[in-house]
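User: I'm just starting out with protein structures and would like a close look at one part. Could you pick a spot, walk me through it slowly, and then show me how it sits in the whole thing?

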Amino acid sequence: MTKEEKAEFGDFQTPQRLANDICRYLASRGVSPASIIEPTCGEGSILTSAANFFPQAQDVLGFEINAKYVSKCRQAVTDAGAAERCRATAADFFEVDWPAVLSELPDPVLIVGNPPWVTNAALGSLGSSNLPAKSNFKGHKGLDAITGKSNFDISEWMLLRLLEWLDGRNATLAMLCKTVVARKVLQHAWKRDLQIRRAEIHRIDAAGDFNAAVDACLLHCDLQPEVRTKDCHVFETLNASSARQTFGYHDGKLVSDLDAYSRWQHLLGKSPYRWRSGVKHDCSKVMELSETDHGLQNGFGEVVDVERTCLYPMLKSSELANGRTKQPRRWMVVTQQQMGQETVLLERHAPKTWRYLISHAADLDSRGSSIYRNRPRFSVFGIGGYSFAPWKVAISGFYKSLNFAPVGPYQEKPIVLDDTGYLLACESQDEAEFLYKLLASEPAQGFYSSLIFWDAKRPITTELLSALSLVRLAEELGRSSEFERYCGLNPWAAKQIAGDTQSTLFKN
């Protein structure tokens, strides 16, 4: 395959040694299938290994979209002496009627393999049609359905569907995938209360086996009717005798440390304060300006002269994580004060800014995210009154640390964040420092640490931050009266949450 084809099909062929190790491990765990399927069998290393390690399986089926690989797989099966039981078929995973295929196979069923390691966004950028039909398959709501959360690994879609099709069967799913994909798949399955009897993750050496710089694993799920667990044991290798970690799904949350969570789970709940993300613009070379000896300069090296009314000092994730919050080195061109505001007004009220935006219209108009469609030209996203709060408590979403920081104004202007940071909007310095101390406390740090998976691309999210009840945290620390006073003065604190007024929230 060409480099582009390998990217399109997420093509990482499984070494025969690893295929043998996987099947040997499954046999040692008591897996004894009557039928075997490999949905993306490639050149056949796993399929032939499965046929050899499980001679009792009478139906061993492989499916593969690449016709050249199908030929190689058939030859490998023949060479292994398993041609009578094995059948390799040229087929597109997304066009196979999998429920019909599975209905004809006897239990226990083993689905084993190595699905593509590529995302739908990456395939879209290649113009590929090797994609599932578009659907909001994880049930995201509102903006999550059209922003970054709608991006997913192709293997994630495949594994979720396979678990759903196997629900109610005696079966085993054993798939190589990214570790973050394995967690997402389990979270989805647990949310849907699928009948998983045992779940394990065994880490593999992706760099050595696939020359891939990614945290990868074998996801092993045993399914049995009417039997459910919502915990998963994590092992360092396929041969490890004891688990290094156990995570699970509790109280509607994916929990990374069950022991720590049991200590702090009483802090779970809603809060009158709402975590927000920073401003999303997707065009840093135009919208972010750096201070130089010659003045403000954009990412193209041009000196930029725009109205101060459209300029705000900004902080990026790295500055939040490293505590460099006092003197921002960048400024952001902010085209709106709230979502949907007409930007054409800038032509009259900020003509220099408008001319600057027009001069870079090609870059701004070509922003790929669907969130900019059918919106005023040069719009930004994640903007509102909270963006311009004089004080904030902020944190980076990308860096592997729970470093909250109080952030105040700079040169008499409120500091804004980019969309890799999150914030609580505050009315005053005292309020920001008060909330910062709450969030830096042992209970808050312990609670968040019990939920965070530090190997995730973005370990900290608004969903995670919002899981902590600041009301209960303040009560835990004996500071409820201060909290209620600050909250009552804050115009950005939610006045009503899920039908409960603030007063009811405080009483609870």
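Analyst: Here is a walk through one residue and its surroundings, followed by some other parts of the chain.

Keep in mind that this is a predicted model, so everything below is computed from it. Let's set the scene. The protein has 508 residues, and 52% of them are buried. Its chain forms 21 helices and 21 strands. If you take the contacts with a separation of 6 or more, 74% of them join residues 24 or more positions apart. In other words, many partners in this fold come from well-separated positions in the sequence.

Now for our spot, Ser-35. You'll find Ser-35 in strand 1, which covers residues 35-38. Is Ser-35 buried or exposed? Its relative accessibility is 0%, so Ser-35 counts as buried. The cut-off for buried is under 20%.

What does Ser-35 touch, once residues up to four places away in sequence are set aside? The list is Ala-57, Asp-59, Leu-105, Pro-106, Pro-108, Val-109 and Leu-110. One of these partners, Pro-106, also gets a polar contact: the side chain of Ser-35 reaches the backbone oxygen of Pro-106 at 2.7 Å.

Another partner, Pro-108, has a twist of its own. Pro-108 sits in the loop between helix 5 (98-103) and strand 4 (109-113). The peptide bond leading into it from Asp-107 is cis, with omega near -5 degrees. That's worth a pause, because most peptide bonds are trans, and most residues other than glycine have a negative phi.

The phi half of that rule has exceptions here too. Asn-211 isn't a glycine, yet its phi is positive, about 55 degrees. Asn-211 belongs to the loop between helix 9 (206-210) and strand 7 (216-223), and with a relative accessible area of 73% it is exposed. Asp-251 is also not a glycine and has a positive phi of about 55 degrees. Its loop runs between strand 9 (245-250) and strand 10 (253-255). At 45% relative accessibility, Asp-251 counts as partly exposed.

For a helix to set beside all this, try helix 7, residues 154-166. It has 13 residues and spans 19 Å from first C-alpha to last, close to the expected 18 Å. How many of its residues are buried? The count is 12 of the 13, so helix 7 is largely enclosed by the rest of the structure. Among the buried ones are Trp-157, Met-158 and Leu-166, but also Glu-156, Arg-161 and Glu-164. Just after the helix, Gly-168 takes a positive phi of about 90 degrees.

Further along, Cys-487 lies in helix 20 (residues 480-489). Like Ser-35, it has 0% relative accessibility and counts as buried. Cys-487 and Val-471 are 16 residues apart in sequence, with their C-alpha atoms 9.9 Å apart in space.

Finally, what about empty space? The structure holds 2 cavities of 30 Å³ or more. The second largest has about 30 Å³ of space. Its lining includes Ser-277, Gly-278, Val-279, Tyr-386, Lys-392 and Leu-423. By class, that lining has 5 nonpolar, 4 polar and 1 charged residues.

So, back to where we began: Ser-35 is a buried residue whose side chain reaches the backbone oxygen of Pro-106, and Pro-108, on the far end of a cis peptide bond from Asp-107, is among the residues it touches.

Terms used: Residues numbered from 1 in each chain as written. Predicted model: local features only at pLDDT ≥ 70, side-chain atom pairs only at ≥ 80, totals over all residues. Heavy atoms only, no water. 1 Å grid on protein atoms, 1.4 Å probe; cavity = no way out; pocket = protein on both sides within 12 Å on 5 of 7 lines; lining within 4 Å. Points joined across faces, edges and corners; volume = space filled by probe spheres on them. Nonpolar A, V, L, I, M, F, W, Y, C, P; charged D, E, K, R; others polar. Helix = DSSP H or I, 4+ residues; strand = E, 2+ residues; numbered from the N terminus. Buried < 20%, exposed > 50% of the residue type's maximum accessible area, 1.4 Å probe, protein only. Polar contact = N/O pair within 3.5 Å; in protein donor to acceptor, adjacent residues only side chain to side chain. Contact = heavy atoms within 4.5 Å. Expected span 1.5 Å × (residues − 1).
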